[in-house]
Amino acid sequence: MPPDHVRMGPVRRVILGVDVGTTAVRAAAFALDGTVRHVATRTYPMLQPVPGWQVQDPDVLVAATLEAIAACVADTAGPEVVALALSSAMYGLIGLDSAMTPTTPLLTWMDSRSSEAARDLWTSGQSRELHRLTGTPVHPMSPLCKLMWFARHEPHLCTTTRWWIGLKDYVLHRLTGRLVTELSSASGTGMFDVHRRVWSPAVLNLVGVSESQLPPVLPTTASLPLSAAAGRAVGLPSGTPIVVGAGDSPLGSLGAAAIDSTVGGLTLGATGALRTVVAAPLVDPAESLFCAALTEDAWVVGGSVSNGGNVVRWAGHALAPDLHPASGDGRRVPALLRLAERIPPGSDGLVMLPYLLADRAPAGVSGPPGAYLGLRSEHTRGHLVRAAVEGVCLQLGGVRDRLAELTPISSVRLTGGAFRAPLWREVMAAVLDCPAQVAGEADDAALGAAALGLFAIGLASDLKEAVALLDPEGVHREPVTVDPSLATAYRGLRAKLPALVTAVGRLGEILDEAAAGPGVDWRAGATPRDTVGG
C-alpha cells in the first residue's frame, strides 16, 4: 500500500479514485502527471451476528467513505479535482424501503447464509444455465442466492423492501441523489444477462424480484453530478463529476495494467485473485470462474480465493504468539516468513489446504475445510507456515490452470502487499511457472478507478493511456526469476491437489453433519436451524 503522504511539486489538477472495500475505504488523489499526492483510509467493522453471516451497517460505510474523501480533498487543497471515480467490493446486497432507508444490513460477499439455496441450484442442474446466462457461478456470495434466502426465510421483509441494491449503488445514491447501478456491478449479481446486457426476466422470476425493484444500469464510464449536500460534506463543489466506475475486481486488473488478453493480473492481499481481460463475456463451462464487465468491450474473467495472506496472519496468532506479541501483524508476519524460508520446498511432505474461510474458486459452492495433511513429529512451526504459503499459491495455480483452458496466459503481473516478501514471490512464480513481474505498490482498485475516470471524462484516449498517465513508474516492473527445480516440485504437488481437495471435502461433509445444531436468528433470538437456513 502506498504511503499516506507523497510529497509532490505544485500540480494543477488531480483525479480521485475511491475504493470502498471489505474492511476499509481508500480515497487516493492522483495528479495528472502520475504521482499519488495523498491516500486517506478509514476502516469499519465486519459484524457476525450468526456463524456464517458477515454483514455491515451501510450507513457506517457511507460515513467512512465521506470522511476519507473529505480528508483526501483537504490534503489536496489547491489543485482542481477534475472528477471522482468509484470502486467497491462486489456481490453485496442491501434492501431499501421506499424512503431509501435500509431494511437489511449489507450482506457482504463473505456472507454464506444462502449456501442451502446455492446447493439446491447445483443439485437441480439449474446452476449451469444460470452461469451461462450471467457469467456468475452459483455461489452463496452472489446476490441471486441471497435473495432466494430472503424469499425463503424472511418473506415479510421482502414485502416491505422497495429496492434491492449493491454497496456502490448505495454510496452513489448518497453522493448524487440518484439510485443507479452500473454494468460491472450488475454483471456480478447473478441476475444480469451479460449477453443481452439486461436484467434477465427468467432469473428475476426465479428469485421473486421484479425489474422495477432493481436500479437502472449505466455504463461504467457514465458520470453523475455531485449533490450540493454531499459536496458540503466532502469539500468539493456541487456538480463535480462522479464517474460511477466498476467493481473492485475488474478495476484491480486495470490498476495493475493487466489489460491485455494474454496477461494475467494476480493480486494477493488478505484474499487472492487471478484474472485477465477479454473483449466479450467469456463463460467457464466448468462453472468455476467469474466474468464481470470493466467496460462495454472489456470483460474480466478469472477466479478468486478467499484465503491468501490472511492464512499467514492466522498462523501468526495461532502458532507464534511469542513473535513480537505487542507489535501486531506488521512485524509478526515477516518473522514467520523468515522461519518458513529455512524450510525446503514442499515442506518435507506437509501439505496445507488453506480453507480457513469458505472459498470462491475453483472449489464450487462450499469447498472443503482447511486441513494440514501429512503432519509428522519432525515438522516445526516453520514447516506449518511454509505449507500455508505453498497451499495458498497452489490454489491460485489451480485458478491459473482453469483460466488457461479458456484463454492463453503468457505472463502474470503480481500485485498486493504479500509480494513485498521474497518467499511469496519465489513460491508464486514457481507455481505459475511463467514469466512474472511484481507491479508497483499503487496498483490497486483505487488506481484502476481513477484511470477509468480519466478515460470516462475524455482526458485519456483509452484505458492503457489512462493507467500510464497516472502511474508512469508502473511500466518499470521487477521481474521474478522462476527457479526450475521449484517449478518441477510444485508441478508434482499441483497434480495431486484435486484428489486431496476431494477427499478432505468428503471428510468435511461428515464433520458438518456431526456439528449441526440449533441456529440463532439475529433479529428474533433463538430459532431452529432450518429457520435461518444454510
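I began with residue classes: Ala, Val, Leu, Ile, Met, Phe, Trp, Tyr, Cys and Pro count as nonpolar, Asp, Glu, Lys and Arg as charged, and the others, Gly among them, as polar.

I noted that this is a predicted model, in which local features need pLDDT of at least 70, side-chain atom pairs count only at pLDDT 80 or more, and totals for chains, interfaces and linings use all residues. Residues are numbered from 1 along each chain as its sequence is written, and side-chain values use heavy atoms, with hydrogens and water left out.

**Entry 1. Cavities**

Rolling a probe the size of a water molecule over the atoms shows where empty space is left. I took a cavity to be a set of points, on a 1 Å grid over the protein atoms alone, where a 1.4 Å probe fits but cannot get out; lining residues have an atom within 4 Å of a point. Points are joined across faces, edges and corners, and a volume is the space filled by probe spheres set on them.

I searched the whole structure and found four cavities of 30 Å³ or more. The largest has a volume of about 210 Å³. Its lining has 21 residues, and Gly92, Gly166, Asp169, Ser185 and Thr189 are the closest to its centre. I then asked which element gives the most to this lining. It is helix α6, with three residues. By class, the lining of the largest cavity holds twelve nonpolar, seven polar and two charged residues.

The second largest cavity has a volume of about 100 Å³. I counted 13 lining residues there, with Tyr91, Ser249, Arg275, Phe290 and Gly302 nearest the centre. Strand β18 gives the most to this lining, with five residues. I sorted the lining of the second largest cavity into seven nonpolar, four polar and two charged residues.

**Entry 2. Trp314**

I located Trp314 in helix α11 (residues 309-319); helices (H or I, at least four residues) and strands (E, at least two) are DSSP runs, numbered from the N terminus. Trp314 counts as partly exposed because its relative accessibility is 32%; buried means under 20%, exposed over 50%, and partly exposed in between (1.4 Å probe, protein chains only).

**Entry 3. Ala273**

I asked whether Ala273 is buried or exposed. Ala273 has 2% relative accessibility and therefore counts as buried. Ala273 lies in strand β16 (residues 272-278). I also looked up the separation of the C-alpha atoms of Ala273 and Arg400: 9.6 Å, although these residues are 127 residues apart along the chain.

Notes. On a 1 Å grid over the protein atoms alone, a cavity is a set of points where a 1.4 Å probe fits but cannot get out, and a pocket is an open set with protein on both sides within 12 Å along at least five of seven lines; lining residues have an atom within 4 Å of a point.
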